[in-house]
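Reader: I should be grateful for a close look at a single part of this structure. Which elements make it up, and how do they fit together?

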Amino acid sequence: MAKRTRDLTVVQQMSRGPMDIPFLMLVVILTVIGVIMVFSASYPTAMNEGLSPTNYFIKQAGFGVAGLIAMFLISKINYQTFRGLSIFVLGISIVLLVLVLPFGYGKSTVGAQRWISLPLIGGFQPSEIAKVGVIMYFAARLSKRNTEKRRRLSPRHPLSDVYAWLDEKGVLEPLPYFVILGIVAVLMLMEPHMSGTILVLVGGAAVLFAAGIRLYWFIGGGALVSAGLFFIMTQTSYMATRLAIWQDPWNDGKNGLGFGFQTIQSLYAIGSGGLLGVGLGKSRQKFLYLPESENDYIFAILCEEMGFLGAAIVIILFILLVIRGYWIAVHARDRFGALLVVGITTLTAVQVFLNISVVTNMIPSTGISLPFFSYGGTALMIQLAEMGMVLSVSRQIPAPKQE
Amino acid sequence: MAQKRRGTRIIRQKPDHRANRVILIRSLILMGVFGLLAFIPLFFKLWNIQISNHDYYQDLAVKQQTRDSTVTANRGTIYDCNGTVLAMSATVYNVQLSPKDIHETQESYQEKVENAQENGGSLPNYPEPTNEFIASNLAAILELDEADILKRLEKNTQYEMIKWRVDPEESDAVQEFITNNHLSHGIYLMPTSKRYYPKNSLASQVIGWVNPNTDNVGAYGIEAQFEEALSGQTGRVVTAKDGVGTELLYRFEDYYDATDGNNLTLTLDATIQSFCESVVQEGVEQFDVQDGAFCLVMDPNTGAILGWANSPTYDLNNPWDVSDPVLLQYLEDIKNGGYTKEEAYQKALAEGCTADEAYKKALSASESKVLNTQWTNKAVTSSYEPGSTFKSMVLAAALEEGVVTESDHFYCTGVAEVEGWNGDPIRCSQRSGHKDQDLAKAVANSCNPAFIEIGKRLEAEKFYDYLEDFGFLEPTGIDMQGEPSSGGQIVWDREDFTNVDLAVASFGQRFQVTPLQLITAACAVVNGGHLMQPYVVSQITDANGNVIEHTEPTEVRQVISEQTSQRCREILEKVVDGGTGKNAAVEGYRIGGKTGSSQTIKGDDHTIVSFLGFAPADDPQVVILLAYDSPKPSATNPNVTEDLWYISGGNMAALKAGELMEKILDHLGVEKTYTATDDVMVPNLSGLTLADATNALKKNNLNIRTVGDGDTVTGQIPANGASIPGGSEVVVYMGAEVPQDQVQVPNLKGLTMEQAKQRLSERGLYLKASGATEYGAHVVAYEQSLAAGTSVNRGTTVEVRFTDSTASGAGL
């Protein structure tokens, strides 16, 4: 017994301990389904562009395999190393977000400067890195918040009492984080990249929330965001038209051929699916009707081909993944692991939720891709790398006591 | 070492249970929100789209995803009763350009030229397909505006239709142009169908036409009434297409065969129909008729309509063209100042239009009025006062009820007393009165006071019963478009039918019937009392000739008995045989009938003159109703036209009806029955002695005149086999030379029959008289079969039609 205890050292647990198999399986299943859906949804687009029908599929499958390998390798890394790395990841992502403005591309295709091309790595969105960077950095710092030395103003300082009171009430604590979020958000809005900004804020907020930042920040923040949204929606004509189109996509001034077109086509695809779908590969809407059918709107094609049942199964898989993610967070060995996983899991969950909401026209449209499904090699790789981090945390979950 | 690493790398954060608990609780909250709550609405939303609104979205999606091309079914053919084609469809082509494709063709031509120049090959052996080249050639072939084609070629659109439904010669020429100049990628001939009416205007209002502007749907007449049967089932090819319109071959393709339309066989006889139309048209010109005319011919034994002519008429192949001279004149009058009287003009002015706009409005209003007039089948859609023709039914009813017999006498003073009537006294057409007359004479005279008496004897109740029984209170039920649902316009209810109404109704006035109702009732009077349902379509067959529907004659009810019907025929025959209808008489045929002159609401100068006739009188095969609406009275005498035709049914309609009846009976193969003066065949006399020849001629009711003094007959005029009127003289040559010279036909117009006979026999010609031939000295010739001055052989028979030119009001 004693020998056995010695054999199962913490180090061994750390490096070789079992990954969370349910989580791993969910990730693999979703990735496989996603890659297959990319094949189905992308070949008409590929053919229309004069490419081989399997062009996008092969690329995505390649990135998928590479991503799964990367996930496995990352899961092998002791996640404590991410603490130290976090500041670099965040720093690099901010640099990249700055660089993307003059050197990036994407203006001509989507009207926003979102991509940057680096040697060896290829083109990717710095915002993807920024999401991870923010979560990692926040998790690393917030996990130590109870031990952090509180700064105090000298008692002679006229504001020292106020400062102490504010500090007492937790007003000052999150301010540095807000500054970081603010910098990233401003940079991303300059691209502009509204949906990415939302996701970065959500990721950061999730970590802040879980770490124990005073709740009034969230209540106040929620109120502020609501007021802001309300203002934008009611007072600006841009959002007003968007809202009108959201309520009635045909009412886009061009009888459904203007801004409402994509939403309408998406609804056609989803609606055509019915209960059981038209069958895998048999979508009609992907034949140049639904723009970005292999990308942001791939879920609509899934709905059309696999029906309500298939779509529900995929959503349930996502739910299980998310729940398992939180389960890992709750059981994580330390606060850093917990916060890291909470951040990544929440980010994934919100991304899935927003994507499907947009595709089903539950909320006004904004460009958010569906994790594991949407076409995009680096995005998939980064996604799987994040899952690798989660798995890395899961390796260090203490085995349940046998007795 | 491991322990050490653990110490340095893991225990960086101090255990803090409170902090851990916060993280635990808050993580669980996040799990609840993002792991579950957030996703629940997604399921509802998906259910709503995919299950609840599945059909809605699928329909919309399928609509945009598929291309539905129609395969037109061939429209059925319409035949007359003898199989003559009246309407048929044929494939013709629309000429369509694709400026885009032409541009590509032009580029590939340029490439060929460049290739040839670089590699030293030969240049294309056809001209460069420039826009100008294409436009000028197509404009020449299709008779289009070159500049317009050029303009459309420069549009860079996918499709430009430049001419619809071109004639086969033109489409052949276009095809040749395409082939010769390698333009098959750019100019297209798209097949479509066109309706042809080989007989042009024949039976136009009955047949109707299809409107090419509304998908070849039948617009009028049979074409509209039998649209469903004729049109067939349009086939469809449903193909999938992608978002930019490219067809996705072999995906979701569906093919529904087109079923060709059924063929219709009408009861109309094209020959009888053309007789009717020419008689109608002749009459319109002859009598200066203002408001058109119609003629119905019906088989009384079945109710089948054999002929149905309307005037004005039009060419079914060009329904929007106006060709009728009366209508053209009307339009001309409108243009030249008549427009100021038009309602549309006044209305436009009142609405504040300028005079010019109002003029245009009036013009277009009158144009559509004219088109409507020529398209309308007046004989079924409109009603008129039947006038004296209605007396046939009154007679039948009275005989059936036994309130009159042939031996009854009526005394006519010229005026009829009607209790309760307080307008001008009701006069007979003969102001001085017909005096004493028996029933047949009263009918033959069309005596109004006599009929008022007959009506009175019949009594209102019975009279109304017969109105009903003869079908005047309901539509006939004919398989034609446009019959008013109430039939004609019997203005009285049964309860309100008083003795004054009875009096005027007895001679056919103050109520309206449709011509179709009238002829249907007339058939019942003469066919043994059977009211037949009239019909036009006798048979519907499918494209393979299988009979789908066959119309059996339908008897609506028996109105009068066989015996009564026979008595009516005998009495009505006397109308033609010496009565008001004598102008309808045809030598050799027994014709019965009744004339009529009806008042119209348009005023005194608008009278509808009509004749309702049947033949043969002993066994009617046809019943005709011929009417001219409003011959124009001359400026000086309101009773006659400019050409001095007395305006009455007897002098106009009966005259033309006689001609028509003769043609129809002849066409139907009804044998003429001759009396002594009828035509006989000249026997072969050659080689006979004088006595034998005289005998032979006598047998045939012919007289002899000899020339020469030989023993045997060496020649004769007319030659053997010729048909000449009985009692005529045959010139027999006994050895003398038969003269071979020709003689000129004299002008016989205005001569009495005796004078005409003499004038002809002076030249060795024979007279064959028709029309009113036996009744007095004022019966004169008005038409001859061979024009005056024509050179003919001796012995030729000249047919001459006589009319009673000075007839008084007896024509009613």
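Author: The following account describes one sheet and the helix that lies across it. The model is predicted: local features require pLDDT of at least 70 and side-chain atom pairs count only at pLDDT 80 or more, whereas totals for chains, interfaces and linings use all residues. Residues are numbered from 1 along each chain as its sequence is written, while chains are lettered from A and ligands numbered from 1 in the order in which they are written.

The part in question is an open sheet of five strands in chain B, with antiparallel pairing and the order β13-β12-β24-β23-β22 (strands are DSSP runs of E, at least two residues, and helices of H or I, at least four, numbered from the N terminus; strands pair if DSSP finds at least two bridges between them). At its edges are β13 (305-311) and β22 (592-599) of chain B, each of which pairs on one side only. On average, neighbouring strands of the sheet are turned by 5° against each other, direction ignored (axes are lines fitted to C-alpha atoms, for helices over the stretch in contact, with angles from 0 to 180 degrees between N-to-C directions).

Within the order, β24 of chain B stands between β12 and β23. Its antiparallel pairing with β23 extends over eight bridges and joins residues 607-615 of β23 to residues 622-629 of β24 in chain B. In this pair, B:Phe614 is placed opposite B:Val623 of β24(B).

Helix α12 of chain B, residues 270-286, lies across β12 (293-298), β13 and β24 of chain B (contact means C-beta atoms, placed from the backbone, within 7 Å). Relative to the edge strand β13(B), helix α12 of chain B runs at about 30°.

How values were computed
Contact = placed C-beta atoms within 7 Å.
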